[in-house]
Structures are given as C-alpha cells and as structure tokens.
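Open your viewer and get ready to click along. Each stop on this tour tells you what to select next and what you will find there.

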Amino acid sequence: MNAALLGLLTALSLGTADFLARSSTRAFSAVVSLGAVMAVGSIALTVWIWFGGQPLVWSMPGILFAVLHGVATCAMCLLLYAGLARGPVSVVAPIVAAHPALVLLAAVVLGSRPSPVQWAAMAMILTGGVAIARLAGANADHSAVGREALRRTLGIALGSCLAYALLILFGQAAARHVGELQTTWIGRLTGLAIIVVILLARGERPRVALAWLPILVAQGMLDTTGLLALSAGGNSDAPEVTPVVGSTFSVVTVLLSAIILREAVGARQWVAILMIVAGTAALAARL
C-alpha cells in the first residue's frame with residue numbers, strides 16, 4: 001500500500017484511540033487503561049493468527065525487534081501519560097509530536113534519500129503537527145509550574161519522544177523480517193506483560209465497569225490498527241513517510257473534540273490542519 005495512505009490510516013486510528021483515551025484515563029489509572037488496550041490487541045491478534053491460519057516466522061532478529069518494539073511502545077505511552085498529567089500540555093505535546101524528525105534522521109543515516117518535493121511536504125506536515133499540539137495547550141497555566149518541575153516534565157517529554165521514534169524504527173525493522181501482523185502481536189504481548197508486572201508490583205487490582213468495556217475494546221482495536229499500519233510502512237517504498245503522516249493523529253483528536261465535544265478550533269489550528277492535508281496529499285501523489 002502507498003506509504004502516505006498507511007500513514008493516514010495510522011493517524012485516523014491512533015487519533016480516534018487517543019480521543020477515547022481522554023475519557024478512559026480519567027475513569028481509570030493510566031496503567032489500567034493502557035493494560036486494557038494491550039489486552040484487547042493481544043486477544044484480537046491471537047484470534048486472527050489462530051483462526052486465519054497465519055504462519056509464524058521464527059526469525060530471531062525479527063522477534064527481537066518486535067519485543068523491543070513492544071517495550072518502546074509501553075515506555076512511550078507511560079511517559080506520555082505521565083508528562084501530560086504533570087503538564088503543561090503546551091510543553092509536552094510539541095516535543096512528543098516532533099518524533100518523526102528522529103525517524104527521518106535515522107532513515108537518512110541508513111541511506112534513504114527523499115526527493116526535494118517529499119522533503120518539503122514532510123516539513124509542512126511536521127510543522128503543522130507541532131503547531132496543532134502546541135496550540136492545543138496554548139491556554140495552559142505556566143505560572144503554576146516551577147522551574148525544577150518543568151525540567152522534569154521536559155525530560156519525560158524527551159524520553160517519550162525518543163521512545164516513540166524507537167517504537168517506529170523497531171516496528172518497521174521487525175516487519176521486514178516477520179511481517180506487520182506478527183510484529184504487532186509480539187509487541188502487544190510484550191507490552192501486556194510489562195503492565196502486568198507493574199500492577200503486581202503496585203499490588204493494584206484493575207477493576208473495569210461493564211459499561212466501559214465497549215469503549216476500551218474500541219480503543220484497543222483502533223490503537224492496534226494504527227500500529228499495524230505504522231509497521232506496514234516499513235515494507236513500503238518510502239518507510240520514512242508513514243511515520244511523518246501518521247504523526248498527525250493529533251489533528252484527528254482535535255477534530256473529534258470539536259465535532260463531538262464542541263471544543264473550539266481556532267483559525268491558526270485550521271491553518272495547521274490545512275498544511276497537514278496539503279502535505280499528505282503531495283506525498284500521496286508522489287508515491
């Protein structure tokens with residue numbers, strides 16, 4: 001599939017999952033919410049592999065990369081939740097949204113050579129994505145955050161940004177050996193194991209009301225779909241394009257909030273959204 005379209009599927013899936021996560025993480029702890037996402041993905045992919053007769057590839061490099069992908073995914077989510085909880089959002093979100101820059105740097109080091117038009121389109125998408133993230137937290141109260149606390153938040157955000165880049169690089173590397181389905185399945189199982197260890201260490205028993213199950217299942221399925229598309233980009237002709245387009249998932253979250261929750265979208269946010277749409281269209285047309 002076209003690398004830009006895979007990125008679009010990533011953005012739509014992860015953006016919708018993040019919109020649902022806004023509610024679930026307030027109803028439960030971040031660890032429980034993330035555990036539910038990992039569990040849903042693990043069960044769904046296990047059923048798919050079992051009944052679909054999907055052959056498993058026993059490639060040690062592929063399995064190792066897939067495990068590292070799961071570790072990085074879990075670390076990124078926990079750090080992101082911690083950073084957003086500490087705030088301000090206007091510091092955390094733009095730093096995390098800049099993770100494709102690290103992926104692009106790695107791709108260039110590994111020999112990828114995007115055309116000038118692709119560079120311009122990806123720069124437009126990155127600029128728009130960071131602007132959306134920054135504008136989303138523009139009203140944060142910085143005066144309530146001390147300098148030391150802000151430094152710690154900055155460190156958490158940088159850690160989340162690095163983990164995000166690593167989960168993409170590890171996921172795409174694994175997909176080249178074992179395919180995106182097996183990569184995401186192993187990654188989900190790895191993440192679920194980490195969450196179980198954390199809950200046991202805390203002595204915490206996750207309790208989820210039945211009324212929340214449909215939301216958590218939808219959140220888990222969407223998150224898993226997004227990671228499948230992200231890993232599949234590793235087998236495309238331009239693997240560096242998928243994470244750049246996929247990083248605009250925050251646009252989907254903003255639009256859903258505007259449509260469903262009636263949150264206001266300012267003129268500058270609309271400009272950023274149009275930049276992202278134009279950049280994505282340009283990439284899709286060139287691939």
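## Stop 1: threonine 242

Select threonine 242 together with alanine 3: the side chain of threonine 242 comes to 2.9 Å from the backbone oxygen of alanine 3. This is a polar contact, meaning a pair of N or O atoms within 3.5 Å; within protein, one must be able to donate a hydrogen and the other to accept it, and residues adjacent in sequence count only if both atoms are side-chain atoms.

Before you go on, please note that you are looking at a predicted model, where local features need pLDDT of at least 70 and side-chain atom pairs count only at pLDDT 80 or more, while totals for chains, interfaces and linings use all residues. Residues are numbered from 1 along each chain as its sequence is written, and side-chain values use heavy atoms, with hydrogens and water left out.

Threonine 242 sits in helix 9 (residues 241-246). Helices here are DSSP runs (H or I, at least four residues), numbered from the N terminus. Along the chain, threonine 242 and alanine 3 are 239 residues apart, yet their C-alpha atoms are separated by 5.2 Å. Is threonine 242 buried or exposed? It is buried, because its relative accessible area is 0%. The scale runs as follows: buried is under 20% relative accessible area, exposed is over 50%, and partly exposed is in between (1.4 Å probe, protein chains only).

Now display the neighbours of threonine 242. Leaving aside residues within four places in sequence, its contacts include Leu6, Gly7, Thr10, Gln172 and Ser236. Contact means heavy atoms within 4.5 Å.

## Stop 2: three serines

Move to serine 13, in helix 1 (residues 3-27). A polar atom of the serine 13 side chain lies 2.9 Å from the backbone oxygen of leucine 9. Serine 13 counts as buried because its relative accessibility is 4%. Which residues does serine 13 contact, apart from its neighbours within four places in sequence? They are Leu222, Thr225 and Gly226.

Next, click serine 33, which belongs to helix 2. With a relative accessibility of 0%, serine 33 is buried. Not counting residues up to four places away in sequence, serine 33 touches Ser24, Thr25 and Gln219.

The third is serine 257, in helix 10 (residues 249-260). Serine 257 is buried too, at 2% relative accessibility. Beyond its neighbours within four places in sequence, serine 257 is in contact with Phe19, Arg22, Arg262 and Glu263. Try a C-alpha to C-alpha distance from serine 257 to threonine 16: the two are 241 residues apart in sequence and 9.9 Å apart in space.

## Stop 3: the salt bridges

How many salt bridges does the structure hold? There are 2. A salt bridge is a side-chain nitrogen of Lys or Arg within 4 Å of a carboxyl oxygen of Asp or Glu.

Select arginine 188 and aspartate 223, whose side chains form a salt bridge at 2.7 Å, N to O. This pair links distant parts of the chain, 35 residues apart: arginine 188 is in helix 7 (residues 147-202) and aspartate 223 in helix 8 (residues 213-232). Arginine 188 is buried, with a relative accessible area of 2%, and aspartate 223 is buried as well, at 14%.

Then select arginine 202 and glutamate 204, a salt bridge whose closest N and O atoms are 3.5 Å apart. Here arginine 202 is exposed, with a relative accessible area of 53%, whereas glutamate 204 is partly exposed at 25%.

## Stop 4: helix 5

Colour helix 5 (residues 99-109) and pick out its buried residues: His99, Pro100, Val103, Leu104, Ala106 and Ala107. Seen down the axis of helix 5, they fall within an arc of 160 degrees, so they line one face of the helix. The arc is that of the directions from the helix axis to the C-beta atoms. Rotate to the face turned away from that buried side, and you meet the exposed residues Leu105 and Val109. Following helix 5 is glycine 111, with a positive phi near 115 degrees.

## Stop 5: a surface patch

Finish by showing the surface of Ile43, Val47, Trp50 and Phe51, which form a nonpolar patch with about 540 Å² of accessible area together. Patches are made of residues with over 30% relative accessible area and no salt bridge; like charges are joined within 9 Å, and nonpolar side chains (Val, Leu, Ile, Met, Phe, Trp, Tyr) within 5 Å. Accessible areas come from the Shrake-Rupley method with a 1.4 Å probe, and for residues only the protein chains shown count as cover. Within the patch, valine 47 lies in helix 2 (residues 30-52) and is partly exposed, with a relative accessible area of 42%.

Notes
Helices (H or I, at least four residues) and strands (E, at least two) are DSSP runs, numbered from the N terminus.
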